[in-house]
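Subject: A structure for you to look at

Dear colleague,

I am passing on a structure that I would like you to open and look through before you read the rest of this message. Please keep it in view while you read, since the notes below refer to places in it.

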Amino acid sequence: MSTVTSAISEVAEIFDGRGAFIYVQRQGRASPAFDIVAASEVRTFGTPYHRRPTTGIFLVMDDFNGNDSLLARTIRTIAFDTQVVTVYTESVQLAQYLASEASRLCEVHPISGTS
């Protein structure tokens, strides 16, 4: 098990299987694909993807307190920052929203080339 795969399992344990992970698939794609897996599934079955050991987990908490600019920056980071390949969110609903908005943003502003 790689260090990051271990870290993903540890985050799932820390949050007692609540929340979700967004796995960002960037390699060989003009725009990233976003796969959502509930933390409870990761806790039970393990992580479905192997991550590069040099990448970390981007933690996103539910409490944006109406801070629209922070929410927009978070979505932009998930969509375009090539260092972000795994995102943990406190809820499945937040993961679905962030992945949907990041995907929409990538459609509006496509990435030139592939990573």
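What follows is a description of what was found, beginning with the whole chain and then moving to particular places.

Please bear in mind throughout that this is a predicted model.

**The chain as a whole**

The chain contains four helices and four strands, and if you follow it from the N terminus you will meet these elements in the order α-β-β-α-β-α-β-α. Of the 115 residues in the chain, 39% are buried. The surface that the chain exposes comes to about 6,400 Å², and carbon and sulfur atoms supply 51% of that area. When you consider contacts between residues at least 6 apart in sequence, 73% of them join residues that are at least 24 apart.

**Helix α4 and its cover**

A good place to begin is helix α4, which covers residues 92-108 and therefore has 17 residues; its span from the first C-alpha to the last is 24 Å, close to the 24 Å expected at 1.5 Å a residue. Its buried residues are Leu94, Ala95, Leu98, Ala99, Glu101, Ala102, Leu105 and Cys106. What lies over these buried residues? The cover includes the strands β1 (20-25), β2 (33-38), β3 (58-60) and β4 (86-89), together with helix α3 (68-80).

Threonine 74 lets you look at this region from the side of helix α3, where this residue is found. Is threonine 74 buried or exposed? Its relative accessible area is 8%, and since buried means under 20%, threonine 74 counts as buried. Apart from neighbours within four places in sequence, threonine 74 is in contact with Phe58, Val60, Phe64 and Leu98; Leu98 is also one of the buried residues of α4.

**The aromatic rings**

How many aromatic pairs does the structure hold? There are three aromatic pairs, and two of them are described here. Phenylalanine 15 and tyrosine 88 form a stacked pair, with 4.6 Å from centre to centre and 20 degrees between the planes. Because phenylalanine 15 lies in the loop between α1 (3-14) and β1, while tyrosine 88 lies in strand β4, this pair ties together parts of the chain that are 73 residues apart in sequence. Tyrosine 88 is itself buried, at 0% relative accessibility.

The rings of phenylalanine 21 and tyrosine 23 have their centres 6.2 Å apart and their planes at 25 degrees, so this pair is stacked too. Phenylalanine 21 is buried at 0% relative accessibility, and tyrosine 23 is likewise buried, with a relative accessible area of 0%. Ring pairs link Phe15, Phe21, Tyr23 and Tyr88 into a cluster, which you may find helpful to display together.

**The salt bridges**

Finally, please turn to the charged side chains, where a search of the whole structure finds four salt bridges. One of them joins glutamate 13 to arginine 43, with the closest N and O atoms 3.0 Å apart. Glutamate 13 belongs to helix α1 and arginine 43 to helix α2 (residues 39-45), so the pair ties together parts that are 30 residues apart in sequence. Both ends are partly exposed, glutamate 13 at 45% relative accessibility and arginine 43 at 37%.

Arginine 43 also forms a salt bridge with aspartate 16, and here the closest N and O atoms are 2.8 Å apart. This pair again links distant parts of the chain, with arginine 43 in helix α2 and aspartate 16 in the loop between α1 and β1, 27 residues away. Aspartate 16 in turn meets arginine 18 in a salt bridge of 3.6 Å, N to O. Aspartate 16 is partly exposed at 43% relative accessibility, whereas arginine 18 is exposed, with a relative accessible area of 51%. Taken together, Glu13, Asp16, Arg18 and Arg43 are linked in a network of salt bridges.

With kind regards

Definitions and conventions. Residues numbered from 1 in each chain as written. Predicted model: local features only at pLDDT ≥ 70, side-chain atom pairs only at ≥ 80, totals over all residues. Heavy atoms only, no water. Helix = DSSP H or I, 4+ residues; strand = E, 2+ residues; numbered from the N terminus. Buried < 20%, exposed > 50% of the residue type's maximum accessible area, 1.4 Å probe, protein only. Contact = heavy atoms within 4.5 Å. Areas by Shrake-Rupley, 256 points an atom, 1.4 Å probe, with all protein chains shown as cover. Phe/Tyr/Trp six-rings, centres within 6.5 Å; stacked < 30°, edge-to-face > 60°.
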